[in-house]
Each structure stands twice: as C-alpha cells, then as structure tokens.
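Here are some worked exercises to try with the structure open in your viewer. Have a go at each task before you read its solution.

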Number of protein chains: 2
Amino acid sequence: MRAMVITTGEEILKGEVVDTHASWISEKLCEVGVEVVGHLSVGDNLASLKEAFLRVAGRCEVAVVTGGLGPTEDDLTARAVAESAGVALVEDPAATASVAAYFEGRHLAVPASNLKQARLPKGSSCIPNPVGTAPAFSLELAGTRFWFLPGVPREMRYLMTESVLPAMVALQPNGARLVKTAITTFGLPESLVGERLSGLESIFQGIHVGYRASLPVIEVKIWAFDREGGSLEKIQQAASAEALKRLGEYVVSGHGLSMAEAVAERLCETNKTVAVAESCTGGLIGSLLTDVSGSSDWFLLSAVTYANSAKENVLGVSGETLAAHGAVSAETVKEMAEGVKRTSGADIGIATSGIAGPTGGTDEKPVGTVWIGIATDAGTEALHFVSPFKERHQNKRIFAFKALDLLRRAI
Amino acid sequence: MRAMVITTGEEILKGEVVDTHASWISEKLCEVGVEVVGHLSVGDNLASLKEAFLRVAGRCEVAVVTGGLGPTEDDLTARAVAESAGVALVEDPAATASVAAYFEGRHLAVPASNLKQARLPKGSSCIPNPVGTAPAFSLELAGTRFWFLPGVPREMRYLMTESVLPAMVALQPNGARLVKTAITTFGLPESLVGERLSGLESIFQGIHVGYRASLPVIEVKIWAFDREGGSLEKIQQAASAEALKRLGEYVVSGHGLSMAEAVAERLCETNKTVAVAESCTGGLIGSLLTDVSGSSDWFLLSAVTYANSAKENVLGVSGETLAAHGAVSAETVKEMAEGVKRTSGADIGIATSGIAGPTGGTDEKPVGTVWIGIATDAGTEALHFVSPFKERHQNKRIFAFKALDLLRRAI
C-alpha cells in the first residue's frame, strides 16, 4: 500500500520550523508496512491546499494530511477538502459531540469559534479527538483514502496511533509486518561501518540495512517486511546476529540504547557508581548521563572544573602537575579522575581535559586534542585522542562520547 | 519569484532522517526575497525523480533539488534530469575539471567512479564544487530554472551560499531585500507573546511577525521585504523597537542571541565570573554556558552534586540543613550557591535542586518542582518554581533556563 504525507503551513515553507511531522508519520507508516512514496508541504491558503489534495488524489492508496483544522478563519483544510470533493461543509454530529465533550471535560462552555471545527465535508467520517478541540476526519478522493489530522504534535500523534494506524492495518489484512533491529555503534566512521556490513543484503535475501549518522554515533537498522509470519523474521534475526559479530567491539547497544543508556545498563548490572571531572566537555557528560531516568542511583558527582584553581580546590590536582604538564595532559586528567573518585566515593572516576576550539590550540596541542582519564580500584589510565574537527560543539560532543565509550568498556 | 524545494532519498521517506535541508534552503530563499510555494520529497529511484521534476517544471520560476549526485550506481539525479529533458548525459569539461581539482588538491588520483559525476545533462551549466566531489549543475525545464545540488550538508550549504543565492538575486535585479530582527524571549508562553504583539502588523504596514518556539524559548522575528531601499526598513525598525518595548523584561536578546550567549554578553560587559552547583539539571547549565566560545574567561566551575554526600563534601552544605529541609529546599540551594561561589572564588554562584521526573515526586514536592539559589556579594536568594511538565528532558531544560534567566537578570 502506497502513501503520501502532506503537511501544511507557511512556517514550514519559510524554513522557520523543520518538518518533523512528516518524518514521524512516515516512520510509523513504515512500521505497519505502508510504503511512503512522497512528502509534500504546501502553504495554508485555499488554492495551495486544493491543488495539493487534487494532485495526490488517485496517485496512491492512502494519504495523511496535518494542519489547518483549528478554530480560526485561516484554518482552511476542511473547506479546501469540501471544494476539492465538490461537496458542502455540514455540521457533523460526531464532530459536534467531540468538541462538546472536550470542553465539558474541562467544565467550560463551548466557544462559538470552536463549533466551526465541527463542520466537516459531507460524506467524511469523523474521528473524535479526546485530547484537543479539532476533530479529525477521513474521506475518499478519487480512490485515495485521506486522513486529515490537527497539526498540534500531541494531538496528531495521539490520533495517528489510536485511529489512523489501526485503520491502515485493517485496510491490508494480509499486509506486511516490520521486524527491525537497531544497533548503536561508536568509533567507526559511517563508511567503515558500511564496509563491515557489505554483502549482508545479498547473503540474507529480503532484509534491508539502513544507516543513520547521529554523530558521533552511527545507528544501523536491519529490517524486513515479514509477510508470511516467520520465515523472513528468522532471516532478519540471523542477519542481525551476523551484523553484531562483524561490528564487534564498536557495538554500543544491540537493541537501540543510546550511549548513556548503555553505560547506565552496565552500571546497574554491576552495581557500580560513577563520578565525572569535566573540563573541556563543560558538563555535557553529566548532562548525558543524567538524561537517563534513575541516574541518581549510580551517578554521584560531575565537577566541571574549567579554572585551574577549581581543579586544585575541588579535585585536589596538584599545582606542580598543572605547572609542569599543563591542564591538557595525561598527568592532570589522571589526578582529576582520582580526585573526583576520592571526593565522591564513586567506584569509577572519569575525567576530560582538552581544547574544544575554535581558539586555544597550539602546534603541540592543536584544537581537537583531548586527554581522558579513568580511575578505578584497579588503577588509573589516560587516553589521548585528537579529533579532526575544529568546531566547538562537535568537539565537546565527540570528547564526551569518547569518555563515555571508555567508561562503557571499563565497566 | 516562486520556488519549489525538492529533496530526495529513501531515508527521508522512511522517516529515518528529518528533512532539515528543505527548511534551511527555504529560510535562505526567503532571505533573498524568493517565495517558497512548496516542498516535495521523493525516493531516489528513476521513476520518482522524473515524475517529481516533470511535476514541478513549469509551475514556478525556480527550483532547488538536493541529493543523488554521488559516484555510486544508485545516484540517479543527473540521469533522471537528462531523461526528463530528453537530452543525453555528456561529459562536461567544467565538471571534469571540478572533480580533478578536488582530488589533485588532496594529492590523490581520480577514482573512475568519480568521473561518472562529471557526466551532466546536455545543455546544463556546471557549478564547480571546491568542497566535495560532486559538481552541481543548473538547467531550465519547461520555463523553470532548476539547480541540482549534492545532498552532503556542508557541500549543499556552500554551493547554495556561493552560487545559487547570488544567481537568484541576479534573476530579480529589482527584487526585494529581507530586513529582519530576531528577538529571543523567555518566561511567557507563545500565546501571551502573541497577545502582547497583537496589532503590530496593522500599525506597521508591510511588516510580518513570526513566532518560533524553541522551547522553553520563544523567538520572535519581525521582518519585511524592502523593495525600494529604505522606507520599509525604517518601518521595520520602528516595529522592532515597539515589539521590544511591549515584551519588556521577557526579552533575553534583541539581536538573536541564545540565553547562554546573552548571559555571556552581560558577564563580559560587567567583567564578572560565575560558578554553578547543579543537582536536577545534571550538568546542563554548565554545558549550555560552555557552548559559548570564550567561556573559560568567565565560567569557573559547575559542580553536579547528585548525591547528598557530594553536596556536603564538595559544596559544604551542612548535614543538618539536608536532614531538616531535604535536598529540594530553599535552604539547601542557598547553601549550594554560597558553597560553589566560595569554592570557586566566582562573583556569582547559582544552584539548582529539584525533581525532574518522571519518578521521585511527592504530594508536597511534585515532579516539576525546583528551587534555584543565587549568591552574589550582595547576598543570597532562592526562587521556587513548579513546571507543568512531567517529562524529564523538558524539566531539566526548563529548570536550566529558569536558572540562566535568574542569572541574566542578576548581572
């Protein structure tokens, strides 16, 4: 079954917002075996909307449209649909009930402007909206089944999940089911990840391999549309096992966890705690780790010691070490890691010191240089790494991921 | 002049990537006075590409297409253009020179696969690409001038800026020029920002007001297409001054700075230093501040003291205070702020302690509760705030921005 996704709004065409609706809807459609053949974004004026609907109608089996169902005069989707279909806008009892129920649930009278939202193109099926004021609706145009959803993200997602996707599944009772493995890798560029997995699609017929760079992490998806219930799923599982073997130590997670979530999983399994001393990463390691819910169980302290005086006072790094080797050195990060482990009482201390840029580099220590120290009960080590980037955000991020990866491997 | 933006690639249609190219290109086109009337995304197979080009040709004056110019067999844009135009693919001397120059600059031989990239549809104009292997090109199809650019973000942006936008400006010598003011606000929901600015477009005829929620910040853009050089620019400036007056204390920056950049600007102007003690924000405040280049001049320390023991050891918060009032209290954040100011020697200490969620809330201190402490030479204060959100990332972010806003107002 082929689908088009249509999003509406001047703010998309002006580049003021990135069109995340189209990607979210597409991912969900793909998961129930619907093939998305195109996205279209148009302005929310009557002519553009009608042109878009008529252009898509008859060209695919289904279409999902978002936006323009609000209560104001410039919300024109329902009118554009009615004119495209050559029917009138009529008050829909189910839509009126949906609007009324929304306001009654909040002990409010229904504003007159919201009753406009209950006028739908004649012949359409209302999809009641319990999480917002705009009822959604569905209508067939020239053989294409359209769903019209509000643009408010929470409402759109709710109605997609609760109504549209089940309806799509019902439309193709013998349809395909997506089976998918998400592998998170770190440490290999995308081209080398691709080389390691080359030929996989020929060996395991019917599976697909997709790559997505969320730098500095490369995500690999191994997926297939399983039609007959079983055979392709087994092939997909075998392909995933082979991919994990080939990617080896670069696999952060074989089931889609982020780097921080993978570290958290290992810390929980081994019942260990961690503390971080950050310089160049500026708190990013702490922020990534505390994004994981429940991190207070194993995350004790991150000391972001930008100033040398803070390295001395908070972490007990010696002034002699700083004077002799500088802040960006093996000696300093080892003392930082040991200091934060000691101060916090954590099982593992990890520390970063480097030059994120764009300024501050020297011939000896260019922008992109970082030292990472790790202190455990077994001893203290330091790792040296030079990133190819000159840009501050990129370097902070890659330094933080290098440190988390070192931590992951040490647990 | 009307434009369409076409992006290509299966990863967009599967929802694996968000289409940021379309929004970036649209914003740039809008800045030189080109009206974008639609975005279209299609798969990178021959049939879909040809259908997209023929669908757009003749419907607008200009079109920008990205992707499918690479060296491999599945990069089909040039072939699809040639077939759409009914012309042959021919080796283009300028394109061959572009590819050769790229590899020669890196002291490498030109791989055979890259020579394919020098074969362009007959009649097209090559746009040499000094930052990548894929030459771009331009061709007229049914009255529409198309530009075909590589999908690699860095190359696409370089060629848009250096070649496509100047060409667009040249196509409309008496065209409009965008004048724009970007205002960053914090503390008012989008609806109230809109209410404060209501009527602005009627008072200052010809200007437009746009809103963009980068939660928790609301950005306001006041813009106009100035055609005659001067008159509309003055109106736009007057409208911007009026908007700044109406938004008052909620204006973080009147010239597009982020919250952290606005704080940095104030710290530099007043020659002050800052240190942060973070609990629930987990390092996010430090990370936001150190995203600003040059932050080592004024950012001394962020201590992310998740564990109570770390609050005592690192910041000198008293065990009695923690026992009597709990970690999430006015008393604790005041001692944290004073402690981090004292330990670091900074002019200002700022501290957070709260419950980001989704777990950890109580009836007395529900998820979303935060206390923020600020210590200066003039004394110490604490601010209480309850966010309406239950989600961890949202709360971390809003807590961090509340703290930065308090800091901004205190400098």
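**Exercise 1. Find the loop that holds B:Ala142, then work out whether B:Ala142 is buried or exposed.**

Solution. Keep in mind that this is a predicted model.
- Step 1: look between strand S7 (136-141) and strand S8 (144-149) of chain B; B:Ala142 sits in the loop there.
- Step 2: check the backbone. Phi of B:Ala142 is near 50 degrees, a positive value in a residue that isn't glycine.
- Step 3: take the relative accessible area, 62% for B:Ala142; exposed means over 50%, so B:Ala142 is exposed.
- Step 4: hop over to chain A. A:Ala142 is in the loop between strand S7 (136-141) and strand S8 (144-149) of that chain. A:Ala142 has a positive phi of about 50 degrees, again without being a glycine, and it counts as exposed at 62% relative accessibility.

**Exercise 2. Work out how chain B is superposed on chain A.**

Solution.
- Step 1: take the rotation, which is 180 degrees, with a shift of 0.2 Å along its axis.
- Step 2: check the fit; the RMSD is 0.3 Å.
- Step 3: put the two together. The copies are therefore related as by a two-fold rotation axis.
- Step 4: ask which surface each copy uses. The same one serves both, and 97% of the contact residues of chain B recur in chain A.

**Exercise 3. Count the cavities of 30 Å³ or more, and describe the lining of the largest cavity.**

Solution.
- Step 1: the count is 4 cavities of 30 Å³ or more.
- Step 2: the largest cavity holds about 110 Å³ of space.
- Step 3: turn to the walls. There are 17 lining residues, and those nearest the centre are A:Asp19, A:His39, A:Ser41, B:Asp19 and B:Ser41.
- Step 4: find the elements that give two or more residues to this lining. They are helix H2 (20-31) and strand S2 (35-42) of chain A, along with helix H2 (20-31) and strand S2 (35-42) of chain B.
- Step 5: sort the lining of the largest cavity by chemistry, which gives 9 nonpolar, 6 polar and 2 charged residues.

**Exercise 4. Place strand S11 (residues 217-226) of chain A among its partners and say how covered it is.**

Solution.
- Step 1: S9(A), residues 177-186, runs antiparallel to S11(A), with 10 bridges joining them. One pair to click on is A:Val179 with A:Ala224 of S11(A).
- Step 2: S10(A), residues 208-214, is also antiparallel to S11(A), through 7 bridges. Here A:Tyr211 has A:Val220 of S11(A) as its bridge partner.
- Step 3: follow the chain from S10(A) into S11(A); the two form a hairpin with 2 residues between them.
- Step 4: tally the burial. S11(A) is mostly covered, with 8 of its 10 residues buried.

**Exercise 5. Sort the residues of strand S13 (residues 274-278) of chain B by the way they point.**

Solution.
- Step 1: recall the rule for a regular strand: side chains alternate between the two faces of the sheet.
- Step 2: apply it. B:Val274, B:Val276 and B:Glu278 point one way from S13(B), while B:Ala275 and B:Ala277 point the other way.
- Step 3: check burial; 5 of the 5 residues of S13(B) are buried.
- Step 4: add the partner. S13(B) runs parallel to S14(B), residues 299-305, with 5 bridges, and B:Ala277 stands opposite B:Ala303.

**Exercise 6. Explore the loop between strand S15 (348-354) and strand S16 (369-376) of chain B, starting from B:Ile355.**

Solution.
- Step 1: take the accessibility of B:Ile355, 11%; buried means under 20%, so B:Ile355 is buried.
- Step 2: list who touches it. Beyond its neighbours within four places in sequence, B:Ile355 contacts several residues, including B:Cys280, B:Val328, B:Asn395 and B:Phe399.
- Step 3: tie this back to Exercise 5. B:Ile355 and B:Ala277 are 78 residues apart in sequence and 15 Å apart in space, C-alpha to C-alpha.
- Step 4: look along the loop to B:Pro358. A cis peptide bond joins B:Gly357 to B:Pro358, with omega about 0 degrees.
- Step 5: compare chain A, where A:Pro358 is in the loop between S15 and S16. A:Gly357 and A:Pro358 are joined by a cis peptide bond, with omega about 0 degrees.

Notes:
Residues numbered from 1 in each chain as written. Chains lettered and ligands numbered in written order. Predicted model: local features only at pLDDT ≥ 70, side-chain atom pairs only at ≥ 80, totals over all residues. Heavy atoms only, no water. 1 Å grid on protein atoms, 1.4 Å probe; cavity = no way out; pocket = protein on both sides within 12 Å on 5 of 7 lines; lining within 4 Å. Points joined across faces, edges and corners; volume = space filled by probe spheres on them. Helix = DSSP H or I, 4+ residues; strand = E, 2+ residues; numbered from the N terminus. Nonpolar A, V, L, I, M, F, W, Y, C, P; charged D, E, K, R; others polar. Least-squares fit on C-alpha atoms with pLDDT ≥ 70 in both. Contact = heavy atoms within 4.5 Å. Buried < 20%, exposed > 50% of the residue type's maximum accessible area, 1.4 Å probe, protein only. Pairing = 2+ DSSP bridges.
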